[in-house]
Amino acid sequence: MLGLQGIALVTGAARGIGRATALAFARAGVSGVHLTDVRSMLLEDTAKDAVNTATNPNFRVFTSVVDVTEEDQVLQMVNDTIKTFGRIDYAANIAGVVDISSVTTDVTMSEYDRVNNINARGVFVCMREELRAMLKQGPVAHIPGRPAIRGTITNLGSGAGQLAVPGMNSYVVSKHAVVGMTKAAALNHAMDAVRVNAICPGFVDTEMLKNVGDIVYSDKIREAIPMKRVAYPEEIADHVLFSASQLSSYMTGHSWTVDGGYGIA
Ligand SMILES: NC(=O)c1ccc[n+]([C@@H]2O[C@H](COP(=O)([O-])OP(=O)(O)OC[C@H]3O[C@@H](n4cnc5c(N)ncnc54)[C@H](O)[C@@H]3O)[C@@H](O)[C@H]2O)c1
């Protein structure tokens, strides 16, 4: 098991990959998690399950309803993490939505703005505030022999941030933006003892995928994936934890594809 010390902040923690990541942090031994989402009831379920999953006897969970498109709520989210736990060692920006599939000429600007406000602007504001907080805190040596670090940020990108997929125009734009902002932040702060990376999943068995059609159970999609299956959310969460931990101490600015080989075929 990956032993992690410190405090994690997770957006989009009510369900899917965010929920799996929250539980993975708890299982890995962190002493506290701040879990946020717009879905308050599901968020409380995640919080209860995190407490039951936690391996650190001093584990504490704090939840708050945060819409990542609202800058003042994001500022409050980061302030609340610092007020409650004293620092943020690992931030995972996972909240996201997918758009209604359409060809480019059918994209409405309201749908474009909705998706990009959550997936691109929302991730950027979270990342900026997390960086501001991390730069004020001292570095910690989590693993002997590895450099001490102030904090790490993992953004949820997508295979659609590296390749275009049919339809999903606004989503493709927003996820390419996540890949770009991850590089920019990592480059600007490479010497500040912080690391910023993105995880880019292919198809993952969550409500999001179910909402865009019967992709999870579609033979056509499974056939196109070399491993012949979609991912479990827990498999993506494990990559978020690796990116967060000092096991990946020499990696920054990269967008790591986790897609069962979809992008290589
Ligand atoms: N499921 C996939 O196949 C897949 C593939 C690649 C990337 N991703 C990315 O992974 C992330 C998680 O997706 P998922 O599959 O777990 O989806 P999901 O729909 O199960 O979970 C997304 C979560 O984000 C929350 N959310 C949505 N808008 C929000 C907002 N404005 N503020 C705060 N929270 C908000 C939702 O309430 C939900 O709990 C997303 O960024 C998504 O783009 C998913």
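Let me open with one pair of residues: isoleucine 153 stands opposite valine 196 in strand β6. The model in which this pair is found is a predicted one. The two strands concerned are β5, residues 151-156, and β6, residues 194-201, and they run parallel, joined by six bridges.

From that pair we may move to the sheet as a whole. Which order do the strands take? There are seven of them in an open sheet, and the order reads β3-β2-β1-β4-β5-β6-β7, with parallel pairing. At the edges stand β3, residues 60-65, and β7, residues 255-258; each has a single partner strand, so one side of each is left without a neighbour in the sheet. From one strand to the next, the twist averages 15°.

I turn next to strand β1. Its residues are 7-11, and five of its five residues are buried, so that the strand is mostly covered. How are the side chains of β1 arranged? Ile7, Leu9 and Thr11 point one way, whereas Ala8 and Val10 point the other way, and all are buried. On pairing, five bridges join β1 to β2, in the parallel sense, and four bridges join β1 to β4, also parallel. Threonine 11 has a bridge partner in each of these two strands: threonine 36 in β2 and asparagine 93 in β4.

The helices that accompany the sheet come next. Helix α1, residues 16-28, lies across β1, β2, β4, β5 and β6, and runs at about 170° to β1. Together, β1, α1 and β2 make a β-α-β unit, and this unit is right-handed. Helix α2, residues 40-53, also packs on the sheet; α2 touches β2 and β3, and its direction makes about 175° with that of β3.

Helix α1 has a further partner, namely helix α8, residues 233-244. Two packed helices are described by the angle between their axes and the distance between the axes. For α1 and α8, the angle is about 55° and the axes are 8 Å apart. The two helices are therefore oblique to each other, and their crossing is right-handed. Which residues meet at this crossing? On the α1 side they are Gly16, Ile17, Ala20, Thr21, Ala24, Phe25 and Ala28, and on the α8 side Pro233, Glu234, Ile236, Ala237, Val240, Leu241 and Ala244.

I shall finish with two residues outside these elements. Valine 212 is found in the loop between α6, residues 207-211, and α7, residues 219-224. Is valine 212 buried or exposed? Its relative accessible area is 22%, and it is partly exposed, because the range for that class begins where buried, under 20%, ends. Leaving aside neighbours within four places in sequence, valine 212 is in contact with Val98, Asp99 and Met168. In the case of aspartate 99, the separation from valine 212 is 113 residues in sequence and 8.0 Å in space, C-alpha to C-alpha.

Glycine 260 is located in the segment after β7. With a relative accessibility of 22%, glycine 260 counts as partly exposed. Its contacts, again leaving aside neighbours within four places in sequence, are Ile225, Pro226 and Met227. Glycine 260 and glycine 161 are 99 residues apart in sequence, and their C-alpha atoms are 16 Å apart in space.

Methods: Residues are numbered from 1 along each chain as its sequence is written. This is a predicted model: local features need pLDDT of at least 70, side-chain atom pairs count only at pLDDT 80 or more; totals for chains, interfaces and linings use all residues. Side-chain values use heavy atoms; hydrogens and water are left out. Two strands pair if DSSP finds at least two bridges between them. Axes are lines fitted to C-alpha atoms, for helices over the stretch in contact, and angles run from 0 to 180 degrees between N-to-C directions. Contact means heavy atoms within 4.5 Å. Buried means under 20% relative accessible area, exposed over 50%, partly exposed in between (1.4 Å probe, protein chains only). A crossover is right-handed if, with the strands pointing away from the viewer, the path from the first strand over the helix to the second runs clockwise. Angles under 35 degrees count as roughly parallel, over 145 as roughly antiparallel, 65 to 115 as roughly perpendicular and the rest as oblique. A crossing is left-handed if the near helix is turned anticlockwise from the far one by less than a right angle, and right-handed if clockwise.
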